[in-house]
Amino acid sequence: MRAIAVLAVLLFHFNDNWMPGGFAGVDVFFVISGFLMTGIIMKGLETNTFSLLRFYLARANRIIPPLLVLCTVLLLLGWFYLSPIEYRSLGKHAAASLSFLSNVIYLTESGYFDATSHEKWLLHTWSLSVEWQFYIVYPIILVLLRRFISLNAIKGILLATTAIGFLYSVNMTLNSPSSAYYLFFTRAWEMTLGGLAYLYPFTLSTSKKRWLEYTGITLVIGSYVLFSSETAWPGYAALFPVLGTFFIIQAQRSNSVFTGNPVFQKIGTWSYSIYLWHWPLVVVAYKLEIQSWPILLLGVLSSVALGFLSWKWVETIRFQKANSWTAIFKLKYIYATALVAVLSALVYVQNGLNSRFEGFSGGLKSPMRHCAVELGNYEEPAKACEYYDGEVTWAVLGDSHSIELSYSLANALKEQDIALKQFSYQGCFPDFDTESKQLCTQWYQNAVKHIIEDTRIKHVVISHRLSSILGLHIGSANKTLSKKGLLSLATLDNTVKELAKHKQQVFIVSPIPEISTTVGALMTRRLLQHKLSSSIEGQSTEQYLTQNKLIFDHINSTQYPNNVTWVDVKDTYCDESHCYAIREGRILYFDADHPSTLATDLVSKKIINSKNTAAAN
């Protein structure tokens, strides 16, 4: 079963067209883990020989060393082949993986099926973190229950808990999909159902066992083929591979041609290491834009080969036994794990050790991103960040694309003892629909009102990702705008004109060029190809102008008040032929569309120069 699960995951990750629901292989792993762990724990409780220390140590001896080797190898190779942005991210993820918290970290970053997930070298360790969290909590609960109730009562509690856990997972999948995918609480029912397979074994005739196995295999393989990344997961759909695995375990057909053949037995033995090593190969293929199926198939075979080597030289090592909790500290790999985890954290804290690349600078997030409002961190406009010390005469209004600009402009103004207020709501666009009850709309209206009523504020900078708001995509030749797009431009105009009535100057920052993938991925791709240069193109200037033509045409044809200035950033990013992700060593983004502070430093100078020019005139 492990072989069937890991092969499904490999095929899905290398090319999701090969097995669109192959990610369900992880759910199969969860059921198997629950079955095996319940067996170990319950046998010990029945004979009063169960030891938490032995249980944890056995799990650690198997799981940690191969994971430690993987993280160490990635960190070493990353020193040579990863950009500062990518290396910083790897450091964060390695530390999270080694502390078995990576599922929580990835939850805060993006969805599992998002495009950016293919840039995370240790994304697959989220499932290891979920399993390890289960290993920690599950035996403690069973041991405590055993002190007060019988084993039969424990079985009943696990049965009820599994049913409740499934319903909770379904509810979370509908209301918070990312949390449902990554968190231990929404996955625990899959593992406890595996435990029920041990606690409630079926007694069946040989023929019925065969049909039960066939049913289980049909459910599992059907899940791999019929489901896809578009399926709400885990939710109701996860019941198919989970029940299928449950049925196969209950069939108890060790001589089955499906699960008992020598090939699957071997691959199943190596499955943990295969799983560990396959994902970095997937990331390499993604970064090098490899789409040729023979090469991707070679990646699958290479994953199996690396898994075998890891199993042979790492997994099979017999580590020293610990007879007491204090004896754990005599295990050398525990210290090695702690050391690598600390070094990983330092890579993150030290901004990916960007001093490795002489001549390259910037590209990391500003320290002020916490000032932006988002649904999970909502603040009223009245509580907007104000920095630095000095008289507040400037304000920046916009979405997440205004955050770095706020920081750069504040740094430039503080030399004149002038302070700035930042009004940023991530993903929020100009909207004055007074009937709307959306937080974004209400926040935006209140922010504009607050800026108008604050008589200290004289200058307002407006910065939005207009191309996204209007549905204008890279390389698209958009000729018309949707009704929503036209409304967005109209409300933007209303915002500008209303602010212009009350303030000395209003600046509108033009859209910045966007790149097809993150700047870190572009830089890493060049490093892997040994083609790193001080300038890396993001898109052609023609593409940029075509994508944003409707915006430029609208601004040029609209009669704004004389105190409104259009700040064109094209020459910051582009020359006559190309717009750059990295220009003469200056990293202009921290992802695919958000500017770095090195870019916004230049834009801030433009704004201040425009302000001074207008004042002089």
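The questions and answers below cover two sheets, one arginine and one cavity of a predicted model.

Residues are numbered from 1 along each chain as its sequence is written. Local features need pLDDT of at least 70 and side-chain atom pairs pLDDT 80 or more, while totals for chains, interfaces and linings use all residues, and side-chain values use heavy atoms, without hydrogens or water.

User: Which strands stand at the edges of the open sheet of 6 strands?
Analyst: Helices (H or I, at least four residues) and strands (E, at least two) are DSSP runs numbered from the N terminus, and two strands pair if DSSP finds at least two bridges between them. The sheet has mixed pairing and the order β1-β3-β2-β4-β5-β7. Two of its strands have a single partner each, so one side of each is left without a neighbour in the sheet: β1 (385-387) and β7 (564-567).

User: Which residue stands opposite cysteine 385?
Analyst: β1 pairs with β3 (residues 418-424) in the antiparallel sense, over 3 bridges. In β3, the residue opposite cysteine 385 is glutamine 422.

User: What angle does the direction of helix α15 make with that of β3?
Analyst: Axes are lines fitted to C-alpha atoms, for helices over the stretch in contact (heavy atoms within 4.5 Å). Angles run from 0 to 180 degrees between N-to-C directions. Helix α15 (residues 403-413) packs on the sheet, touching β1, β2, β3, β4 and β5. Its direction makes with that of β3 an angle of about 175°.

User: Is arginine 525 buried or exposed?
Analyst: Arginine 525 belongs to helix α19 (residues 519-528). Beyond four places in sequence, its contacts are Tyr286, Lys287, Leu288, Glu289 and Thr517. Buried means under 20% relative accessible area, exposed over 50%, partly exposed in between (1.4 Å probe, protein chains only). At a relative accessible area of 11%, arginine 525 is buried.

User: Across which strands does α19 lie?
Analyst: An antiparallel open sheet of 3 strands has the order β6-β8-β9. Its edge strands are β6 (536-540) and β9 (586-587). Helix α19 runs at about 125° to β6 and lies across β6, β8 and β9.

User: What volume has the largest cavity?
Analyst: On a 1 Å grid over the protein atoms alone, a cavity is a set of points where a 1.4 Å probe fits but cannot get out; lining residues have an atom within 4 Å of a point. Points are joined across faces, edges and corners, and the volume is the space filled by probe spheres set on them. The lining has 18 residues, with His401, Ser463, Ser510, Ile512 and Pro595 nearest the centre. The volume is about 160 Å³.

Technical notes
On a 1 Å grid over the protein atoms alone, a cavity is a set of points where a 1.4 Å probe fits but cannot get out, and a pocket is an open set with protein on both sides within 12 Å along at least five of seven lines; lining residues have an atom within 4 Å of a point.
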